[in-house]
Amino acid sequence: MARSSHSARQSTSRRAVRHDRHGRAGRSSVTGPHLPPLRGRIDFFDLIVGSTADFLRGMWSADLEGVSFEIGGMPLGEPGPNGVRRWDALRDQRRIILYRVPIERLARLHVNDQLHRQMYIESCVFRATAEFLDRDPWDLGPERFR
């Protein structure tokens, strides 16, 4: 009799448990459902480049029509005349490529905080776009700097 109650208890208490290939159960995110997802350096960089590119497209829509702003890790090939390239402005391909690693690692900021990193990334996007358009970076957002 004890045997039948044990088997009945065992069958009713079983739950479906999902295991990955290492035998561990599935895990939730680090922050949980009630907190926003974590943001890292790559997300921060992508957000700043994207918002600055959108601003420049709004200001120079005719000149930047069809131009893609892309993010690369490291430039391939030979270094530029000023050392490691931080961007490539390819007019014939209608592409501006910003290299995240040199921009982040070779920045000489007098204060290394989020605001100054954001301003430096924005200045790189402005300078790359100015090189693409063959203009001075200060001419790209005249109302922004007054």
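## Three strands, four helices and a buried leucine

Five bridges connect strand β1, residues 68-72, with β3, and the two strands run parallel. That pairing is a good place to begin a tour of this model, which is a predicted one.

Staying with β1 and β3, one pair is easy to find on screen: Gly-72 has Tyr-99 of β3 as its bridge partner. On to β2, which is joined to β3 by four bridges, this time in an antiparallel arrangement. Here Trp-87 stands opposite Leu-98 of β3. So how enclosed is β3 by the rest of the structure? Four of its five residues are buried, so β3 is largely enclosed. The cut-off behind that word is a relative accessible area under 20%.

Now for the overall layout. The protein contains four helices and three strands, and their order along the sequence is α-α-β-β-β-α-α. Of its 146 residues, 27% are buried. The protein exposes about 11000 Å², and 52% of this comes from carbon and sulfur atoms. What about contacts between residues at least 6 apart in sequence? Of these, 62% join residues at least 24 apart.

Leu-140 gives a concrete case of parts of the chain meeting across the sequence. This residue sits in the segment after α4. Its C-alpha atom is 7.8 Å from that of Trp-60, although the two residues are 80 apart along the chain. Which residues does Leu-140 touch, apart from its neighbours within four places in sequence? They are Leu-56, Met-59, Trp-60, Phe-126, Thr-129, Ala-130, Leu-133 and Arg-135. With a relative accessible area of 0%, Leu-140 counts as buried, because the cut-off for that class is under 20%.

Asp-134 is found in the segment after α4, as is Leu-140. Is Asp-134 buried or exposed? It is exposed, with a relative accessible area of 66%. Its backbone is worth a look too: phi is near 60 degrees, a positive value in a residue that is not glycine.

Arg-94 also has a positive phi, about 55 degrees, without being a glycine. This arginine belongs to the loop between β2 (87-90) and β3 (95-99). That loop closes a hairpin with four residues between the strands, and Arg-94 is where the positive phi near 55 degrees occurs. Arg-94 is partly exposed, at a relative accessible area of 31%.

Finally, the surface. Met-74, Val-84 and Leu-106 make a nonpolar patch of about 240 Å². Of these, Leu-106 lies in the loop that links α3 (100-105) to α4 (114-133). Why can Leu-106 be part of such a patch? Its relative accessible area is 36%, which makes it partly exposed, and patches take residues with over 30%.

Here are the four residues discussed one by one, with their accessibility:

| Residue | Relative accessible area | Class |
|---|---|---|
| Leu-140 | 0% | buried |
| Arg-94 | 31% | partly exposed |
| Leu-106 | 36% | partly exposed |
| Asp-134 | 66% | exposed |

When you turn the model, you might start from β3, with β1 parallel to it and β2 antiparallel to it. From there, follow the chain to the segment after α4, where buried Leu-140 and exposed Asp-134 can be viewed together.

Conventions:
Residues are numbered from 1 along each chain as its sequence is written. This is a predicted model: local features need pLDDT of at least 70, side-chain atom pairs count only at pLDDT 80 or more; totals for chains, interfaces and linings use all residues. Side-chain values use heavy atoms; hydrogens and water are left out. Patches are made of residues with over 30% relative accessible area and no salt bridge: like charges are joined within 9 Å, nonpolar side chains (Val, Leu, Ile, Met, Phe, Trp, Tyr) within 5 Å. Accessible areas come from the Shrake-Rupley method with a 1.4 Å probe; for residues, only the protein chains shown count as cover. A salt bridge is a side-chain nitrogen of Lys or Arg within 4 Å of a carboxyl oxygen of Asp or Glu. Buried means under 20% relative accessible area, exposed over 50%, partly exposed in between (1.4 Å probe, protein chains only). Two strands pair if DSSP finds at least two bridges between them. Contact means heavy atoms within 4.5 Å.
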